[in-house]
Amino acid sequence: MIRQFELVERVKRYDPHADEDALNRGYVFAMRAHGAQTRANGDPYFSHPLEVAGILTHYRLDTASILTALLHDTVEDTNATLEDIKAMFGEEVARLVDGVTKLTRMELQSEHSRQAENFRKLVLAMSEDIRVLLVKLADRLHNMRTLRFLVDLDKRRRIASETMDIYAPLAERMGMQEMKNELEDLAFAELNPHPRDSIFARLSFLREHGGNLIPRIIEQLRETLRINGMDADIVGREKTPYSIWQKMQHNNLNFEQLCDIMAFRLIVPTQEDCYRALGIVHGAYPVIPGRFKDYVSTPKPNGYRSLHTGVFGPERQRIEVQIRTRQMHEVAEYGVAAHWHYKQGGVDHTNGRQYRWLRELLDILEHAGGPEEFLEHTKLEMFQDEVFCFTPKGDLINLPSGATPIDFAYAVHSEIGDKCVGAKINGRLMPLRTALQNGDQIEIITSKAQTPSPTWERFVVTGKARARIRRFIRSKEREQYLQLGRSILDRAFQEEGYDCSDKALEGVLKNFKQASVEDLRAQVGAGNFTARAVVEAVLPGVRKKRSFVEKVVPLGRSRPKKPVAKGQAIPIRGLIPGMALHFAGCCHPLPGDRIVGVVTTGKGVTIHTIDCETLEGFADTPERWIDVAWDADDGDAVHHVGRVQVTVLNEPGSLGSLTTVIARNDGNISNLKITNRTMQFFDILVDIEVRNVAHLIDIIAALRATPPITSADRARR
Ligand code: MN
């Protein structure tokens, strides 16, 4: 295990201004927090965060990152809380630890190789600070180094393929070649041990067969350069087994055909030297055509710069030669970490550092090459506009930001959207209009009886959800108008003592320019013709009876004297609010209220309470009034909104009592508006979702019984 002073030493070697005291405190805090916990190999658990911190010192990261590495598992695995960390190490470190913790939690639940690209984006989206991702990569690297100690083989495979699919590509994209190679090789060893073994065997055979070529080639390259007056650091290596394996797969080659398994790297002082060295190498050895690439003048998307070429080298072997400067080399090995290191030495390294970091990463990712990369880049730009959520099985669904469980349900399957009645977000039942967050796990609750609700259209954000809801409404609308029109016509004819038969209507279709009896009924339901007009067309000269409106609502201020006879009213059962049926916003009718319907052209029927003042505005069109009745069994399916006018004392806690009383009585506040405020009182309009009028009356009674509330009444307008 790295000892405390060693860790501090390592950091101070590259960052003399590092906060030594904080590092010491971080070391002790993490060690105590993990206490007697152990790893699969029996080591104390604390050795893990310590090694992760050690990996990051290799990348010369700042104190906050090193602290984050030390603390990265404390919130998830020990009694320590984020508040503790904030109190001891400040806001920045707490934020970073929180970021790493969230990434860690997310990977516990996913089965995602099919969706690697989405998952990589999710990881990026959640790593708001690039240092979160660097700590996560180092964490993964150490876990991979110790993977063989895990007993559970399935788990090992899962972690290895996740590393191959998600973390190695992320490391590469961030330009961290060294990290990428090691992650890949460790995962390769777990996933394909046999090919890896045979490649190793073959490599060592070649080594024995031709003697140790690498040092000999290095010596001769050095000599060639020296003769031409150049000095370079040269390293040679065999390519990694995984990259050899990939080449064998992609190019359908066998090992014998795969000659260039050795690569040499020339590190020279300046950029001009790169081209000079290239000239020398090309002058001395036969060039393999098609292998030269100039990433110095045209860097790779991840910032990589180097010259690549292939030659038949000093020992008549095909070799790859890479030529670069020291700085280019560090960028290639350490990626964005190297950028950061160089920037830190610059002038304004305190100023908005993490933002510049993020910009840099996005820059790197955005200046992508191929069409695939470009596509990805355009999606990345939309980061702020996307949210990634999981199904209960761990599949990733990506949605525009602001998306709700309804959008999620439709994204999973149209049927699931249509039948959605509720949603659990991370195990908690939440309203369907809740905006989803990155990493949320959503369970959609469905019911066969459910159909899309017109109210959903107000809060969904995806085109798919909106289109499905609209399509349903359109298909349902005619059905609804037809049902309403049939009831209205039946009633109107009954009042005259006749039946509204298809035959009777067929005779007058021409008068209304309708093609079928159904069309005519639907038009009446939609309010485009009144029932009275149809009655008069079928029964010319029928004596005009006193209309319903004159019977029930004599004009003027007086209110109806006797209730409408039962059995004559049109039931509103089966009519879906928001289509052929609307509840008036002025009087908020509730089940149990006595109600009147007003047919509105093209909109179906609007329901008012019988004493609503708005009705007086319709006094001169009595033919549009219809007698309607609530369903006997209105169930809990539809929530109705009742409006209450409340006056409360202007004192601390009075609003709290108001909302508490309503909630305790099972009412749900859907809107709240302060209409008047004085030194002594607030006047407040409260919209409450209730089952029926009796429910609302209960709530009003409870409000009146509450001390800071001086009055509570149902609001009429
Ligand atoms: Mn860890």
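How are the donor residues of the manganese ion spaced in sequence? They follow the pattern H-x23-H-D-x65-D. Please keep in mind as you read that this is a predicted model.

**The manganese site**

Four residues hold the metal: His48 and His72 each coordinate through NE2, while Asp73 and Asp139 each do so through OD, at 2.2 to 2.3 Å. His48 lies in helix H3 (residues 47-58) and Asp139 lies in helix H8 (residues 130-145), so this pair ties together parts that are 91 residues apart in sequence. Both of these donors are buried: His48 has a relative accessible area of 1%, and Asp139 has 3%.

Just before this site in the chain, Thr38 sits in the loop between helix H2 (20-34) and H3. Its C-alpha atom is separated from that of His48 by 9.5 Å, with the two residues 10 apart along the chain. Leaving out residues up to four places away in sequence, Thr38 touches Asp43, Pro44 and Tyr45.

**Cysteines**

If you are wondering about disulfides, the structure holds zero of them. Take Cys612: the nearest cysteine sulfur belongs to Cys586 and is 3.6 Å away. A disulfide needs the two sulfur atoms within 2.5 Å, so Cys612 is in no disulfide. Cys612 is also buried, at 3% relative accessible area, and Cys274 is buried too, at 0%.

**Thr309 and its surroundings**

Thr309 is found in strand S4 (residues 307-312), where it is buried with a relative accessible area of 1%. Its side chain makes a polar contact of 2.8 Å with the side chain of His282. Setting aside neighbours within four places in sequence, His282 is one of the residues in contact with Thr309, and the others are Leu278, Val287, Arg291, Phe292, Ile319, Glu320 and Val321.

Here are the buried residues mentioned so far, with their values side by side.

| Residue | Relative accessible area |
|---|---|
| His48 | 1% |
| Asp139 | 3% |
| Cys274 | 0% |
| Thr309 | 1% |
| Cys612 | 3% |

**Helix H15**

How many of the nine residues of helix H15 (residues 326-334) are buried? Seven are, so this helix is largely enclosed by the rest of the structure. The buried residues of H15 are Met328, His329, Glu330, Val331, Ala332, Glu333 and Tyr334.

Key:
Residues numbered from 1 in each chain as written. Predicted model: local features only at pLDDT ≥ 70, side-chain atom pairs only at ≥ 80, totals over all residues. Heavy atoms only, no water. Donors = N, O, S within 2.8 Å, 3.2 Å for Na, K, Ca; no water. Helix = DSSP H or I, 4+ residues; strand = E, 2+ residues; numbered from the N terminus. Buried < 20%, exposed > 50% of the residue type's maximum accessible area, 1.4 Å probe, protein only. Polar contact = N/O pair within 3.5 Å; in protein donor to acceptor, adjacent residues only side chain to side chain. Contact = heavy atoms within 4.5 Å.
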